[in-house]
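Open your viewer and keep the selection panel handy. We will go from stop to stop, picking a few residues each time.

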Amino acid sequence: MSKLLRLLCCLLPIFLPACSRIQPPESEGRLVVAIRETPAFFQSEGDTTSGYDHDLVKAFADSLGLKVHFIKAADPFELNDLALAGRVHLAASLPLGNGSLRYSTPIRSVRQWIVGHNEVTGPEKLSDLAGKTVEVLAGSALADSLRGLDEKSRPTVTELAGVNEMDLLARVAERKAELVAVHDIHLDLGVNFHPELSPLLQLPGHLEFGWAFGGEGAEGLRAKADAFVAAARADGTLARLHDRYFGHIKRIKADGIARFIDDARTKLPQWRRHFQQAQDLTGIDWRLIAALAYQESKWDPLATSYTNVRGMMMLTEDTADYLRVKNRLDAGESIRAGARYLAELVEQVPATARHPDRLWLALSAYNLGMGHFRGARSIAKSMKRDPDVWYEMKQVLPQLARPEIYARLKSGAARGGEAVIMVENIRSYYDVLSRFEPPHDSPYASQSALMQRESPASRPSMAAIQSGP
């Protein structure tokens, strides 16, 4: 937004209705929220929107009995302007501190990092920043942090408009920029896409982010937001949201991500059509199926374990027989069968589990087998944990290796910790493929229709298959 338009929005609301202050949410009939599109916090793909900030704001709106209407802001400057002008009820994820705005209690606290290429040495201390140029997002609080350093440590700060944090980090990875400044969550996300990034220097202090309020009734809405955030923190909502979007991002080390990206470049092309055919059969994103296959076999169609689990999707003999697989070492057949098996598992996870938890839970069953998975759900209930939430179940699954726990299960002991690692790795691989590989458009074939192609009487019972592939 230009400076002139900002001025007009504040001084001439009568002549510019679109810039006028909005009524309270109850009068508007909706909660109007300014938000900035940035990876994992708010992102859109087609008609679908998601992200940490998206989900938290929507939950707040639900608590008020209102629908939410998002207005995308180009940068933090515009977020601030929209809130100051009272054109939105709240602006999501602004750093606390602007005295002209009312803020919620802090929702998250982040550390600030100087990031460079891993082939670059330094800076190692603040004074090494003097004479350097550091790029930051336009309007970012990081720009203020850098300019607030002691004169002997102060770098030249270049603010870039029209980019997000991943774009900044890509500039370093591609050697177009020497140094950039981002906070730690974006750094951890960026390393999953660009393993050559290196965190060089942590800046002093932390940044706290919250919601900023403008418009009529701002103080009353802020009080309701504070109560909502306090309840969300107490009941674990904030922890579950953090795990949903960020809990897996540091699981794989940089060298593992680098190897995966190289394999995606060299190995994936020959198998891509098989993964896309599997999507055509099941409706499951081909990139998720490919991520599962990589975790299982590193895209090796001849892979074999000491337990005789074999092929691209590492199917057991029982699972292969159930799915009528003639040759487990045939890559296309294995991929389609593994995708069908996963689709069935998703169907068997109770519908009370919501997406994406239902998918993550099904992936754990792919590893454990449905027998152990059902046992784990029973154990979760006895531990007062929610068996429909992946964040809760990832705490429970490792317990299946403890004698006092597995003694209570018909299916016996299981390496539940391995299932957790598997799912978290797949989430990371899927994130990378979703960034670098385009989606595949295909007509959706429902899982039920797929399975009706064969008579159930001609196959062994699914319940008889207790160990996963």
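The tour below starts with the whole chain and then moves to individual elements and residue pairs.

**Whole chain.** What you have loaded is a predicted model. Colour it by secondary structure and you should find 20 helices and 11 strands. Of the 469 residues in the chain, 54% are buried. The chain exposes about 21,100 Å², and carbon and sulfur atoms supply 50% of that area. Among contacts between residues at least 6 apart in sequence, 70% join residues at least 24 apart.

**Strand β5.** Select residues 90-95, where five of the six residues are buried. Add residues 30-36 to see strand β1, which pairs with β5 in the parallel sense over two bridges. Look for valine 33 here, whose bridge partner in β5 is leucine 90. Now bring in strand β11, residues 197-213, which pairs with β5 in the antiparallel sense over four bridges. In this pairing, alanine 91 stands opposite alanine 212.

**Helix α7.** Next, select residues 184-193; nine of the 10 residues are buried, so helix α7 is largely enclosed by the rest of the structure. Among the buried residues are Asp184, His186 and Asn192, along with Ile185 and Phe193.

**Helix α8.** Which side chain meets arginine 222 in a salt bridge? Show aspartate 226: the N to O distance is 2.5 Å. Both residues lie in helix α8 (residues 218-234), four residues apart, about one turn of the helix. Arginine 222 and aspartate 226 are both buried. Add Arg102 and Glu219 as well, since salt bridges that share partners join these two with Arg222 and Asp226 into one network.

**Helix α9 and its partners.** Show aspartate 243 and lysine 394, whose side chains meet in a salt bridge at 2.6 Å, N to O. Aspartate 243 lies in helix α9 (residues 237-246) and lysine 394 in helix α17, so the pair ties together parts that are 151 residues apart in sequence. Both aspartate 243 and lysine 394 are buried. Then select arginine 244 and aspartate 357, which form a salt bridge of 2.0 Å, N to O. Aspartate 357 belongs to helix α15 (residues 357-368) and arginine 244 to helix α9, so this pair links parts 113 residues apart in sequence. Aspartate 357 is buried, at 7% relative accessible area, while arginine 244 is partly exposed, at 25%.

**Valine 396.** Finish in helix α17, residues 390-396, where valine 396 is found. Valine 396 counts as buried because its relative accessibility is 0%. Beyond its sequence neighbours up to four places away, valine 396 touches Ala376, Ile379, Ala380, Met383 and Arg385.

Note on methods:
Residues are numbered from 1 along each chain as its sequence is written. This is a predicted model: local features need pLDDT of at least 70, side-chain atom pairs count only at pLDDT 80 or more; totals for chains, interfaces and linings use all residues. Side-chain values use heavy atoms; hydrogens and water are left out. Buried means under 20% relative accessible area, exposed over 50%, partly exposed in between (1.4 Å probe, protein chains only). Contact means heavy atoms within 4.5 Å. Two strands pair if DSSP finds at least two bridges between them. Accessible areas come from the Shrake-Rupley method with a 1.4 Å probe; for residues, only the protein chains shown count as cover. A salt bridge is a side-chain nitrogen of Lys or Arg within 4 Å of a carboxyl oxygen of Asp or Glu.
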